[in-house]
Amino acid sequence: MSKVESSLAAVVVRLTVLEDENNKFREECEELKIKNAALVRRVNELEDSVIEQEQYSRVANLEIRGVPQTEKEDVYAVLESVAKALKVTFDERDISIAHRFPAPRNRRFHPVIVVQFARRSVRGEWLAAAKKTRFQMTDLHETFSPGPVFVNEHLTLHTKDLLWRCKTKVKDGSLAYAWCKDGKVFVRHTEKSRAIRVYRSVEEIDREQSPGHGK
């Protein structure tokens with residue numbers, strides 16, 4: 001019996017040691033979880049900052065789609081025609097720079113024109129006029145084929161994708177509205193609910209509460 005008792009005592013001691021080690025590992029694991037959560041938050045904050053800065057760098061820009069590119073094209077002459085169609089004043093001094101940028105991975109569309117304005121107030125006038133005025137390629141030149149021309153904010157790929165995903169939720173009835181203002185994406189769950197800004201993904205929308213009346 002003494003041998004059995006001795007063996008049991010040794011087992012108990014060993015189990016106690018193992019339990020202490022297990023508790024220590026659990027504590028270390030919890031510490032690592034806390035540190036990992038902090039690192040994830042920090043990475044997300046840094047990513048948000050990069051996204052914000054990249055979009056902010058385009059705050060004075062507009063993107064014009066649908067205008068055919070001609071040989072030896074004068075982009076500023078094209079912009080003058082667009083301004084005439086929008087019924088806004090055109091002054092070349094208001095344009096810091098303007099370029100054609102090929103539409104990524106899709107040659108069916110005409111290369112995009114990106115315009116950087118010297119003053120954000122002028123850019124605002126063009127954008128406001130574009131929201132009220134719908135015009136065609138034929139309004140710019142009689143030789144162009146019929147087709148719509150779009151003047152929009154110059155968004156990053158991230159913001160464009162986010163806006164598209166939010167508008168998809170509007171189409172399937174999950175949201176009432178989705179829109180973009182000053183490079184920021186907003187949604188409303190219902191017609192009267194508050195506006196919610198979406199930063200990174202549409203999953204944020206599901207985590208938000210939608211009280212009755214909002215902004």
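**Figure 1. The largest pocket of this predicted model has a volume of about 730 Å³.** Every close-up in this set shows a predicted model, so please read the legends with that in mind. In this first view, the lining of the largest pocket is made of 23 residues. Those lying nearest the centre of the largest pocket are Asn152, Leu155, Leu163, Lys167 and Cys180, and they make handy landmarks for finding your way around.

**Figure 2. Five elements each supply at least two residues of the lining of the largest pocket: strand 1, helix 3, strand 5, helix 4 and strand 6.** To trace them in the model, look for strand 1 at residues 61-65 and helix 3 at 120-132, then strand 5 at 148-153, helix 4 at 157-171 and strand 6 at 177-181. Which element gives the most to this lining? Helix 4 does, with 6 residues. By class, the lining of the largest pocket holds 12 nonpolar, 3 polar and 8 charged residues.

**Figure 3. The second largest pocket holds about 260 Å³ of space.** Its lining comes from 18 residues, and Glu52, Gln55, Gly183, Lys184 and Arg197 are the ones nearest the centre of the second largest pocket. Helix 1, helix 4, strand 7 (184-188) and strand 8 (196-198) each supply at least two of the lining residues. Helix 1 gives the most here, with 5 residues. The lining of the second largest pocket divides into 7 nonpolar, 4 polar and 7 charged residues.

**Figure 4. Glu47 and Arg200 meet in a salt bridge through their side chains.** The N to O distance is 2.4 Å. Why is this pair worth a close look? Glu47 sits in helix 1 and Arg200 in the loop between strand 8 and helix 5 (203-207), so the salt bridge ties together parts that are 153 residues apart in sequence. Glu47 counts as partly exposed because its relative accessibility is 35%. Arg200 is also partly exposed, at 29% relative accessibility.

**Figure 5. Arg200 also forms a salt bridge with Asp48.** Here the side chains meet at 2.9 Å, N to O. Asp48 belongs to helix 1 while Arg200 lies in the loop between strand 8 and helix 5, so this pair ties together parts that are 152 residues apart in sequence. With a relative accessibility of 24%, Asp48 counts as partly exposed.

**Figure 6. Arg93 and Asp91 meet in a salt bridge through their side chains.** The N to O distance for this pair is 2.8 Å. Is Arg93 buried or exposed? Arg93 is exposed, because its relative accessible area is 70%. Its partner Asp91, at 25% relative accessibility, counts as partly exposed. Turning back to the previous two views, salt bridges with shared partners join Glu47, Asp48 and Arg200 into one network. A search of the whole structure finds 13 salt bridges, these pairs among them.

**Figure 7. Leu39 is a residue of helix 1, which spans residues 2-56.** Leu39 counts as exposed because its relative accessibility is 56%, and the cut-off for that class is over 50%. How many residues separate Leu39 from Thr16 in sequence? They are 23 residues apart, and in space the distance from C-alpha to C-alpha is 34 Å.

Conventions: Residues are numbered from 1 along each chain as its sequence is written. This is a predicted model: local features need pLDDT of at least 70, side-chain atom pairs count only at pLDDT 80 or more; totals for chains, interfaces and linings use all residues. Side-chain values use heavy atoms; hydrogens and water are left out. Helices (H or I, at least four residues) and strands (E, at least two) are DSSP runs, numbered from the N terminus. Buried means under 20% relative accessible area, exposed over 50%, partly exposed in between (1.4 Å probe, protein chains only). On a 1 Å grid over the protein atoms alone, a cavity is a set of points where a 1.4 Å probe fits but cannot get out, and a pocket is an open set with protein on both sides within 12 Å along at least five of seven lines; lining residues have an atom within 4 Å of a point. Grid points are joined across faces, edges and corners, and a volume is the space filled by probe spheres set on the points. Ala, Val, Leu, Ile, Met, Phe, Trp, Tyr, Cys and Pro count as nonpolar, Asp, Glu, Lys and Arg as charged, and the others, Gly among them, as polar. A salt bridge is a side-chain nitrogen of Lys or Arg within 4 Å of a carboxyl oxygen of Asp or Glu.
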